[in-house]
Amino acid sequence: MVIILLIFVLLANLADLQISNFSYYSTKSNNNRIEIIPIPPSRGMIYDRNGTPLAINNITYQLNIVPDKTKNLNEQFEQLKKIVDLTDEDIENFQKERRNYRAHRPVPLKENLTEKQIARFIVDQHRFPFASIVKIQHRYYPYGASLTHILGYISKINTQDKQRLEEENKTSDYVATFNIGKMGIERYYEDVLHGTAGNEKVEVNSRGRIVRLLEQHPPQAGEDIYLSINLKLQLYIESLLAGRKASVVAIDPNNGEVLAMVSNPSYDSNDFVGGISSKKYSELLDDPSKPLFNRALLGAYPPASTVKPFISIAALSEGVVSPKSVVNDPGWWQLPGTERRYRDWLKWGHGHVDVLRAIEESVDTYFYQVAYDMGIDRLNLWMTKFGYGERTGIDISANEETRAVMPSREWKLKRHKKSWLQGDTIPVGIGQGYWTATPMQMAKALTTLINNGKTFTPHFLLYKKSDIINTNQSQPIINPEKYVEPNSLVDVNPTYWALAKEGMHRVMFGARGTARKVYAGAKYQAAGKSGTAQVYGLKENETYNAHKIPEHLRDHALFIAYAPYDKPKIALAIVIENGGGGSSNGGAVARKILDYYLEGDNSTELDDASSSTTGHED
Amino acid sequence: MNNIKKSFWQKIHIDPLFCLFITLLLGYSLYILWSASGQDIDMMQKRVIQILLGFFVMIVFAQFSPRSYEQWAPYLYIICIIILVLVDIFGYTSKGAQRWLDLGVIRFQPSEIAKIAVPLMVAKFIHRDGCPPPLKTTLQTLAIIGVPTLLVAMQPDLGTAILIVMSGIFIIFLAGINWRFILVALILMAIFLPIMWFYLMHDYQRERVLTLFNPERDPNGTGYHIIQSKTAIGSGGIWGKGWLEGTQSQLEFLPERHTDFIFSVIAEEFGFIGSIVLLILFLCLIIRGLIIAAQAQTTFGRILSGGLILVFFVYVFINIGMVSGILPVVGVPLPLISYGGSSLVVLMASFGIMMSIHTHRYMLSKNI
């Protein structure tokens, strides 16, 4: 009896396990044996507009070890030191990394193995059954520093990135991915470039060894993208700026495509892939020429006289001036009701000037009067329409671009806790005072002017690979209209646009144009405007002498230009820090770029005298 | 009884029905071992040799008359004690326990011999003074049980020690004991248990008992075995995953799958149905064993065969209870099914003794 009773106890327990709790234990058993191994997708490549690769995936070799497979790890490290030149830093990193891996899974020990190291390892492989060499894709930027400020780079996913991915619910796609776009195009188009992770469902035994493959979902590679960048132009501009702290933005005014964006000096983005050494990084940080700083998007410079054509449009539209109205310039302008005098760059004055001459000769007093008549509120309203004080909306993360400052009463109150004074308005008329702008903003404003108010958002993306496949044609569909921003400037009287452009044309080809010297002999017609931003405030009786002032206090040279005049193909904004006079120094760079782009000519030799003698002319 | 066919079984002193159930269970064991060993042909060969040796031992043991067992019991008991002492001194250590004696050709577990020697000795001793035994005899009997039990527990082999105690106690019980003794025994047990817990048990055994009540206490350590075993059994469901298809056993999540935890393999691959079939076979064998005991003509024969078959049941109960998580993991193999030579041979020897008791009664009656 007792026996039968006890047998029933056993049976009841078995029934409880096998029938009542079957699904619980079944799941448990499956969790034991089934493991999902994620496979990272390969990252999309980045090309320039002509199909030249700008960011590619190189294959590198990495040594992985399964620490559980060996007992004397330290002894093995000693052995490996001789073979793959293992350093103590590698071992330290490995010990840190190790905690993030499951048991019986390979942990990376040394990356970027050289051919020699691989060869030596393979010969002795039998001694290290716990180690293996695996191929990994490694992001490589063939043009290094030349494109860093555009492309950015990818680097190891950090806690912040993880948090962002979690918020955006993308963690599952990144389980096998080590790097993520940190800056520039790599960051902005991360979702396009990254692709979708795949996985392998495998059966493992109790020691974690893979027994067989159950299911396989291959990863979906990231998409290749083509940028509007013209690599040759980019490299040419870079070569022109060598040794200078400068930035150039070139845009195709017909569609807002960025043809080149140079910020000099730069740094090699390849150093950041897979982590930069702290020594190298602090060197970059401490460099007084600030190579990490993207001048094209973050550099806020006084736009100086380059704003005069835009102010003219505003003044004409508001009726503050008419195309015919004339102002006398004695070489200074006095703020009515005060003793305060504002000087013109030309000490003896330009005499009687109308709007065309005011632009051609960059007459400061004319624009002092205009600014006085317009007032800061109207100036702010109109210049905001040209995009000043606003982000350009370019396809680079918003925190990598500054709004700069288009000052207003509210802005000053908020920023300086002081109310706006009339005296603050006057220098705004010549793009100085509180007004700052980035090279990208200047280029965008110029593009808007070229298109009589039609505004394109500047952009790098030309097309994605899927744009070709989807349309089943070899040519991708590019629709520039989707980059058009609604702007009330399109309602401005066309004659005003024509006037401003004519003035800019005369800057380069007029009898008294400020940049006529550097454009002598050009085979095409062009338009432009120079600017010289004061870094150093001159005292009342002091005269500017570039040679007496330390370099970092010298004026910034600015220049905006477009060509050909009747059918523009390229719009430029140039800022050369401490470059001296805008018309000569900035103008010369503009001339060379336009010659190169329009004529394929990179041999323009400009008279050195022209750039050194003109001094403070603007 | 004059039937010629019956007289063939009679001649070799084998009970055909009892033998049939043994054979069926051994067949089951071979079938599941192919799966539990991970299709290890060497292990299969060894198992076949173990089984053949087992049958040989059973037949040999069946030939001796019950009277000779009665006579040899003290000698066997003394030899057993000597060997156990030797093991404690020179034993071959395996898994932190000295259980093995290496004789060069074969290694065997002498504690297994105690499983036969103790019940034999107890049965003889108690039987001598008539049943039910007086108090003095009972206490002496307890000493007889106690000595080898302590020696085995020192190895330490808690599972076998428990079985040895059981084998002795069952004999006393079957000899017809005063209820007061049982009460006293229970009180003694209550005193003995804490002593055992603090002084006789090894840390790993204590851990096993603790994790019995809560396997999740230490899922990677001691609880791991029970959790994996319960997972194997539970995931088998009603019909099982199929022969050689048990993922827990084939992928080695299940510990000691061909020895102590072989029942989990059966439950995983053949499900609840397969477990019931196994339990029915065990039950048939036990019932047949009890019938043999009931039919025994001498008190010695009755208490001995009854004691042996009850210990066999305890064997089964402890093993299945342990792998399915209602008893602590004490290291008791599943009789007839688990892989292992010493245990099988001793078991077959005890079956041989039972058959001897059963088949020699007619001779005795003839003599009388």
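At what angle do helix α1 of chain A and helix α13 of chain B pack, and how far apart are their axes? I will start there, and then go to a sheet in chain A. Keep in mind that this is a predicted model.

So, the helices. α1 of chain A covers residues 2–20, and α13 of chain B covers residues 299–323. They pack at an angle of about 15°, and their axes are 10 Å apart. Because angles under 35 degrees count as roughly parallel, α1(A) is described as roughly parallel to α13(B). The crossing of α1(A) past α13(B) is left-handed.

Which residues make this contact? On the α1(A) side they are A:I3, A:L6 and A:L10. On the α13(B) side they are B:F313, B:F317, B:I320 and B:G321. By class, the contact has six nonpolar residues, one polar and no charged. The polar one is B:G321, because Gly is counted among the polar residues here.

Now the sheet. Chain A has an open sheet of three strands, ordered β1-β9-β10, with antiparallel pairing. Which strands stand at the edges? Those are β1, residues 34–39, and β10, residues 210–217. Each has a single partner strand, so one side of each has no neighbour in the sheet. On average, neighbouring strands here are turned by 30° against each other, direction ignored.

Looking at one pairing in detail, β1(A) runs antiparallel to β9 of chain A, residues 198–204, and six bridges join the two. To give one residue pair, A:I36 has A:K201 in β9(A) as its bridge partner.

How values were computed:
Residues numbered from 1 in each chain as written. Chains lettered and ligands numbered in written order. Predicted model: local features only at pLDDT ≥ 70, side-chain atom pairs only at ≥ 80, totals over all residues. Pairing = 2+ DSSP bridges. Helix = DSSP H or I, 4+ residues; strand = E, 2+ residues; numbered from the N terminus. Axes fitted to C-alpha atoms, helices over the stretch in contact; angles between N-to-C directions. Parallel < 35°, antiparallel > 145°, perpendicular 65-115°, else oblique. Left-handed = near helix turned anticlockwise from the far one by under 90°. Contact = placed C-beta atoms within 7 Å.
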